[in-house]
Amino acid sequence: MAFAESVPGAAGQPLPELASVPWRRRASAAGLRTRGRAWTWFTAVYVAQWFAVAAILLALEPLTAPVAAAGLAMAYIVPSLYAARGATTLRPKGARHASAEPVAQGLLGDLLGHDARDLHRHTGLAVERGRLGTWVIGEGGAALVTDGGRRVHCFCVRTTDPQLPPSDRIAHLLLALRTDEEGFATVANHAFAGAPWRLARHIDRRMRPALTAARRS
C-alpha cells in the first residue's frame with residue numbers, strides 16, 4: 001500500500017487511503033494480538049509436524065535419516081523465510097539521493113525527539129511510540145513492537161513517490177502514522193508476526209539498535 005506525499009487532516013482524522021481497502025477491519029490492539037497468536041500457532045504447528053514426521057521415519061526405519069533430516073531442515077527454513085520477508089519492510093529501498101538526503105534528514109530530525117534523531121542517523125530507522133505499541137519506521141515499511149517487547153508485527157507500506165530521498169519517505173510514513181495510527185496499520189500490508197529476535201537475525205546489524213530501543217520502550 002502507498003501513501004500520498006502529503007497527509008491531509010489533523011491527528012485523529014481517518015486516513016483517506018482507508019477508502020482503498022474498505023474490506024479490511026480497522027486495526028486494533030486486540031486484533032493485532034489475535035493476529036500475532038495466529039502466526040505463533042501456525043508456526044508452532046508447522047514446525048511440530050515436521051518434527052513428528054522425522055521421529056516417525058526414524059522409528060520405522062533408521063535408514064530414512066536423510067529424509068528425516070530434510071524434514072527438520074524444512075521446519076527451520078520456512079519460518080526463517082517468513083521472518084526474512086518481514087525484514088524486507090525495514091531494509092533501504094530505492095535511490096539514495098546523496099545530494100538531497102542531508103536536507104531531508106534535517107527535516108525528519110525536526111519531527112523526532114533528540115534520542116530518536118540520533119538513532120535514525122545511526123540506523124536509518126525512526127522509532128515512534130504509539131498507542132498500539134512502539135513503531136520502527138523504514139523507507140518502505142514499518143515494524144510494530146507489542147506485548148511488552150515479546151512480539152513484532154511487520155508491515156509493508158510506502159509513499160506514492162519512490163523518487164523521494166530516503167528520509168523524506170520515512171517522514172511521510174511518520175506523519176501518516178501520527179495522523180491515524182490504527183488507520184496506518186489497517187492500510188499497510190501485514191507481512192510477518194513473531195518474536196523480535198527472529199526479525200533481528202534478518203536485518204542489517206546497524207539497524208538492530210532501533211529494534212532493541214523499540215523493545216525497551
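Which residues of helix α8 are buried? That was the first thing I looked up, keeping in mind that this is a predicted model.

**Entry: helix α8**

I went through α8, residues 208-216, and found A210, L211 and A214 buried. They cover an arc of only 100 degrees around the axis, so they sit on the same side of α8. That fits the usual helix geometry: with 3.6 residues a turn, residues three or four places apart point the same way. Next I asked what these buried residues of α8 pack against. I found α4 (114-123), β2 (126-129), β3, β4 and α7 on the list.

**Entry: helix α1**

I then moved to α1, which runs over residues 29-60 and has 32 residues. From its first C-alpha to its last I get 47 Å, close to the 46 Å expected at 1.5 Å a residue. Its buried residues are L32, G36, W39, T43, Y46 and A54. I also checked what covers them, and the cover includes α2, β4 (141-146), β5 (151-156), β7 (189-194) and α7 (196-200). So β4 and α7 turn up in my notes twice, because they are in the cover of α1's buried residues and also pack against those of α8.

**Entry: salt bridges**

How many salt bridges does the structure hold? I count seven.

I started with R96 and E139, whose closest N and O atoms are 2.6 Å apart. R96 lies in the loop between α2 and α3 and E139 in the loop between β3 (134-137) and β4, so the pair ties together parts that are 43 residues apart in sequence. The two ends differ in exposure: R96 is partly exposed, with a relative accessible area of 39%, whereas E139 is buried, at 9%.

E139 has a second partner, R169, with the closest N and O atoms 2.8 Å apart. Here R169 is in helix α5 (residues 166-179) and E139 in its β3-β4 loop, so this pair ties together parts 30 residues apart in sequence. Both E139 and R169 are buried. I've noted E139 as a residue to show in sticks, with R96 on one bridge and R169 on the other.

R151 and D147 also meet through their side chains, at 2.6 Å from N to O. R151 is buried, with a relative accessible area of 14%, while D147 is partly exposed at 23%.

Last under this heading, I found a network of salt bridges linking R26, R131, D180 and E182.

**Entry: positive phi values**

D147 came up again when I looked at the backbone. Its phi is near 55 degrees, a positive value in a residue other than glycine. D147 lies in the loop between β4 and β5.

Where is H97 found? I located H97 in the loop between α2 and α3 (101-111). H97 also has a positive phi, near 50 degrees, and again this is a residue other than glycine. I have H97 down as partly exposed because its relative accessibility is 26%. The loop between α2 and α3 also holds R96, from the salt bridge entry.

**Entry: a surface patch**

I looked for nonpolar surface and found a patch of about 310 Å² made by Y76, I77 and L81. I77 is in helix α2, residues 65-87. Is I77 buried or partly exposed? At 39% relative accessibility, I77 counts as partly exposed.

**Entry: two distances**

I picked two C-alpha pairs to check. G113 and E128 are 15 residues apart along the chain, and their C-alpha atoms are separated by 9.3 Å. G113 lies in the loop between α3 and α4 and is partly exposed, with a relative accessible area of 40%.

The other pair is A188 and A55, which are 133 residues apart in sequence and 40 Å apart in space, C-alpha to C-alpha. I placed A188 in the loop between α6 (181-187) and β7. Buried means under 20% relative accessible area, and A188 comes out at 3%, so I have A188 down as buried.

Notes:
Residues are numbered from 1 along each chain as its sequence is written. This is a predicted model: local features need pLDDT of at least 70, side-chain atom pairs count only at pLDDT 80 or more; totals for chains, interfaces and linings use all residues. Side-chain values use heavy atoms; hydrogens and water are left out. Patches are made of residues with over 30% relative accessible area and no salt bridge: like charges are joined within 9 Å, nonpolar side chains (Val, Leu, Ile, Met, Phe, Trp, Tyr) within 5 Å. Accessible areas come from the Shrake-Rupley method with a 1.4 Å probe; for residues, only the protein chains shown count as cover. A salt bridge is a side-chain nitrogen of Lys or Arg within 4 Å of a carboxyl oxygen of Asp or Glu. Helices (H or I, at least four residues) and strands (E, at least two) are DSSP runs, numbered from the N terminus. Buried means under 20% relative accessible area, exposed over 50%, partly exposed in between (1.4 Å probe, protein chains only). The expected span of a helix is 1.5 Å times one less than its number of residues. Contact means heavy atoms within 4.5 Å. The arc is that of the directions from the helix axis to the C-beta atoms.
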